[in-house]
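Here are my notes for you to read with the model open beside them. Take the points in order and try to find each piece on screen as you go.

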Amino acid sequence: MNATESPRRSLWRRLLGNLRYRLLALVLFPLLLVLPGVLALAYYWSHEVGYRHLLMKANTDLAVAHESFVATREQYLLRLSLASEALQMRLPLPQLSSAPATAALLARLQGDTGFDFVRLLDLQGCDLQQPLNCLYPKSPLLQQARLQGAVSGVEVFSATELGAIDPGLARRAYLKLVPTPFSQASDKTEETRGMMLHFAYPLRNAKGQPVAIVAAGLLMNGNLAFVDRIRDIVYGPGSLPADSQGNVTLFLDDIRITTNVITQIPRERALGTRVSEQVRNQVLERGERWLARAFVVDDWYISAYEPVTDVHGQRIGMLYAGFLEAPFLQSFYQWLELLLWLFALGLVLCISIAVLGARAIFKPIEIVADVIEQVRSGRRQRIPLLAADNQVTLLATQFNNMLDQLDAQHDQIQQAAASLELKVAQRTDELQQHIRLLQRSREQLVAQGKLAAIGELTAGIAHEINNPTAVILGYMDLLLEELGDQATPVRHEAQMIIDQVYRIRAIITNLLQFSRPETGSDPHQAMDPHGVIRDSRQLVQHALSSRGITLHLDLRARHWITADPMQFQQVLINLIMNAINAIAPERTDGRISLHSRDRGPDAVLVAVRDNGCGIAAELQTRIFDPFFSRTQGGSGLGLSISYRILQHAGASISLRSREGRGTTFFVWLRAAEPQASPSASRKTGS
């Protein structure tokens, strides 16, 4: 225990003995003591005063909504009064009930005033347009209109009463109730009643006696324009924060029949939802106003509710105005966070002042100690010029002189080492360059030797082979001439022999061209690649059949190409024979595919694909080198000659291969000038 506590006691003793820390503690202690109390007081005061102001705003908003509701009733009543007077002036009273144009005038009156219905009733409540129809709801407003003149009020009509007026009103009034958190438990699942703003205006004769009543109504169920208009009045631009929203709702009992409150999921008006049980009890049951925060559908609002009474003085619903609480809470918390930052800034400022004050006293000694510590860690550092003129300044000067001498010696050693490393690097680079030069020279000598050997070999072969081929050609011509018409059955085969003899001569010529620079004119011509491809298939058919390999042709190119037919056939045969050799003899599913495609207006692609053994990645860069062969007994010239032929023709060749999966050679050929393409040769063959 003593061994553990001894270092801690020593640390606390050093801290308490340090004048800087003692001074800092004296400055910060009062601030740290007062800060929590000030923050708590600021939080309590801000929360209470801010919440009280929010409730006052909600109360004011409800008052404005109430006045807008009343003003709307009065506005519609004034519309009905003016329209009824105009109706009475247009058609005198004795004719009004029987005139054919009365229905049209009432319909026009309804359209001009915006009512959901307008009816012309007698004093007993029967429809003057349909004398036998006395199903209009019995309302005290009709009696009041006879005695008082134009009157209005709020009434609740049943589905039957709405249907008697207009079946469409009953359908509009229907609401399916939505389960709502905190609402009063109820088995009711739908609302069929309708809250109606009911208006009545008496029509009087010349003696001033009422003889008929114009009744009109505005259904509140689903009347979104009504609450949106009141919301725009109550919560106009600038009345709420940008991310807040204010809402107005009209309830029938505790059910929202028209509202602009939006549910979160799904995003739609909260029609059919119900108010919380606590609000219902206070407003509907006890007839008191609600002014507090309340849970509205799916969020907390600063809310104000008041009861809505009908013409009988009964509480039939509620009027609501409120706005989201979250933006104001967020603003409050932001203000509180700002206050915390201000206190933190004050605390940091006090700490800084205390630290600077203590530092001014002990700064010279701390500077010297800090520089010594940095020099010990390997950094180059000097003690700056000290303002004080005392023994510490003299010590700092002598210490700086000693550091200068040490650094000078260290720099000399570093320069010598850097110079040595630079010379070693230069010598190494020169040696690498000589090695690369020797390797390139060796490769060039080997290539020149190979080309020289090829030149000598091909010169001898050309001399020895050209004579027999000339004899073969001479005798073939003589044979065909002697046989005459009898040679017709074998003329195709004889012509193939002649073509192949010419091909032998062309191959010898290609070997000569490979062993020396290209000379002479360009023998290339516009040609149909598909004919050469099919001829090449016939020439290798025996090799394919002996190995059981299938050659599939997919020829879709439409352009002709610019090439020498014999040389192009030589390239194709080389590629096909390489593909045959790449397929193991024991395989029974050997397959070679030859495709042709147009690649824009200037190029034709011919691809030769096999499912053979593939080529290792490290060998793919050497595959076109002369004398490089992976086939036993191969000369290694097939792909090299093909590469030189295509290069001379302005074409190119590339490959893509995966070991065990096969190889594809891509031959890119120049397209000939546009001309008539053969039709028969464009069909895909296999």
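1. Let's start with the whole thing. Of the 686 residues in the protein, 39% are buried. Keep in mind that this is a predicted model. The accessible surface comes to about 39,300 Å², and carbon and sulfur atoms hold 57% of that surface. You can pick out 15 helices and 18 strands in the protein.

2. Next, a word on how the chain folds back on itself. Take the contacts with a separation of 6 or more: 67% of them are between residues 24 or more positions apart.

3. Now find the four-stranded sheet. In what order do its strands lie? The order is 1-6-5-2, the sheet is open, and the pairing is antiparallel. Strand 1 (117–121) and strand 2 (151–157) are the edge strands, each with pairing on one side only. Going from one strand to the next, the twist averages 25°. Helix 5 (residues 140–148) packs on this sheet and touches strand 1, strand 2, strand 5 and strand 6. The direction of helix 5 makes about 170° with that of strand 2.

4. Stay with strand 5 for a moment, as it has plenty to show. Strand 5 (residues 194–204) and strand 6 (residues 210–219) run antiparallel and are joined by nine bridges. With strand 2, strand 5 pairs over seven bridges, again in the antiparallel sense. Leucine 197 is a good residue to click on: its bridge partner in strand 6 is leucine 218, and leucine 197 is also the bridge partner of valine 154. Further along, proline 202 stands opposite isoleucine 213 in strand 6.

5. Is strand 5 mostly covered or mostly open? Mostly covered: 10 of its 11 residues are buried. As a reminder from class, side chains in a regular strand alternate between the two faces of the sheet. Then look at the hairpin made by strand 5 and strand 6, which has five residues between the strands. There, glycine 208 takes a positive phi near 85°.

6. Move on to the five-stranded sheet. This one is open too, with antiparallel pairing and the order 8-7-11-10-9. Its edge strands are strand 8 (255–259) and strand 9 (290–296), and each pairs on one side only. Here the twist averages 35° from one strand to the next. Helix 8 (residues 224–234) packs on the sheet, where it touches strand 7 (246–252) and strand 8. Relative to strand 7, the direction of helix 8 is at about 140°.

7. What lies across strand 9, strand 10 and strand 11? That is helix 9 (residues 277–285), which runs at about 130° to strand 11 (315–324). Under your cursor you can also check how strand 9 meets strand 10 (residues 299–309): seven bridges, in the antiparallel sense. One pair to look for is alanine 294 with its bridge partner in strand 10, tyrosine 301.

8. Time for the cysteines. How many disulfides does the count come to? The count is one. The bond joins cysteine 126 to cysteine 134, with the sulfurs 1.8 Å apart. For background, a disulfide is a covalent bond between the sulfur atoms of two cysteines. In this one the torsion about the S-S bond is about 105°, so the disulfide is right-handed.

9. How covered are those cysteines? Cysteine 126 has 11% relative accessibility, so it counts as buried, the cut-off being under 20%. Cysteine 134 has 32%, so it counts as partly exposed. Cysteine 613 is worth a look as well: at 39% relative accessibility, cysteine 613 counts as partly exposed.

10. Last stop, a helix pair. Helix 14 (residues 565–582) packs against helix 15 (residues 638–648) at an angle of about 145°, and their axes are 9 Å apart. Is the crossing left-handed or right-handed? The crossing of helix 14 and helix 15 is left-handed. On the helix 14 side, the contact is made by Gln567, Gln570, Val571, Asn574, Leu575 and Asn578. Helix 15 brings Gly638, Leu639, Ile641, Ser642, Ile645 and Leu646 to the contact.

Notes. Residues numbered from 1 in each chain as written. Predicted model: local features only at pLDDT ≥ 70, side-chain atom pairs only at ≥ 80, totals over all residues. Heavy atoms only, no water. Pairing = 2+ DSSP bridges. Helix = DSSP H or I, 4+ residues; strand = E, 2+ residues; numbered from the N terminus. Axes fitted to C-alpha atoms, helices over the stretch in contact; angles between N-to-C directions. Contact = heavy atoms within 4.5 Å. Buried < 20%, exposed > 50% of the residue type's maximum accessible area, 1.4 Å probe, protein only. Disulfide = S-S within 2.5 Å. Areas by Shrake-Rupley, 256 points an atom, 1.4 Å probe, with all protein chains shown as cover. Left-handed = near helix turned anticlockwise from the far one by under 90°.
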